[in-house]
Amino acid sequence: MRFNYIVDVYTKWYRSSFYFCATYACPGPQAISSSFETKFARMEYAGDGLFNLSYMRHTGKWFEIFKGLSIDECLETIRDFPPLHAIKKSI
């Protein structure tokens, strides 16, 4: 294999945000390391059981796409929102 591919998907809390993360394997002979980790979605707690949902853009900055979603709405959006489809197809 020459291209990076996902080997693990996991979540973690940090402060008031819940992150969705992936670990990629780097099998190519020119790879700097054998793997790397990246965060691809963030649910930031907004109070009253609601979250603001962001995704990591190719620029390395978070981009907030929705405010005030329930947990179920966030999970449905992560599953269905086009910028996150590359992750969904890989898992």
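Okay, a definition before anything else: when I say two strands pair, I mean that DSSP finds at least two bridges between them. And keep in mind that we're looking at a predicted model today.

So, the sheet. There are 5 strands here, and they make an open sheet, ordered β1-β2-β3-β4-β5, with antiparallel pairing. The two at the edges are β1 and β5, where β5 covers 62–69, and each of those pairs on one side only. Going from one strand to the next, the twist averages 20 degrees. As a general reminder, strands of a sheet pair through backbone hydrogen bonds, and that can be parallel or antiparallel.

Let me zoom in on one end of the sheet. β4 and β5 are joined by 5 bridges, in the antiparallel sense. If you want a spot to click on, try M56, whose bridge partner in β5 is W62.

Now the helix. Which strands does α1 lie across? Residues 71–80 make up α1, and that helix lies across β2, β3, β4 and β5. Relative to β5, α1 runs at about 140 degrees.

On to the loops, where two residues have backbone angles worth a look. R15 is in the loop between β1 (5–14) and β2 (17–25). Its phi is near 55 degrees, so to speak a positive one, in a residue other than glycine. R15 is also exposed, at 72% relative accessibility. Then there's D48, in the loop between β3 (35–47) and β4 (50–56). For D48, phi is again positive, near 55 degrees, and this residue isn't glycine either. D48 counts as exposed too, with a relative accessible area of 77%.

Last topic, charges. Side chains of opposite charge can pair when their charged atoms come close. How many salt bridges turn up in a search of the whole structure? That search gives 2. One is between the side chains of E64 and K67, with N to O at 3.5 Å. E64 is partly exposed, at 31% relative accessible area, while K67 is exposed, at 63%.

The other salt bridge links R79 and D80, and there the closest N and O atoms are 3.0 Å apart. Are those two buried or exposed, or something in between? R79 comes out partly exposed at 45% relative accessibility, and D80 is partly exposed as well, at 41%. The cut-off for buried is under 20%, so neither R79 nor D80 falls in that class.

That's my tour, thanks.

Note on methods:
Residues numbered from 1 in each chain as written. Predicted model: local features only at pLDDT ≥ 70, side-chain atom pairs only at ≥ 80, totals over all residues. Heavy atoms only, no water. Salt bridge = Lys/Arg side-chain N within 4 Å of Asp/Glu carboxyl O. Buried < 20%, exposed > 50% of the residue type's maximum accessible area, 1.4 Å probe, protein only. Helix = DSSP H or I, 4+ residues; strand = E, 2+ residues; numbered from the N terminus. Axes fitted to C-alpha atoms, helices over the stretch in contact; angles between N-to-C directions. Contact = heavy atoms within 4.5 Å.
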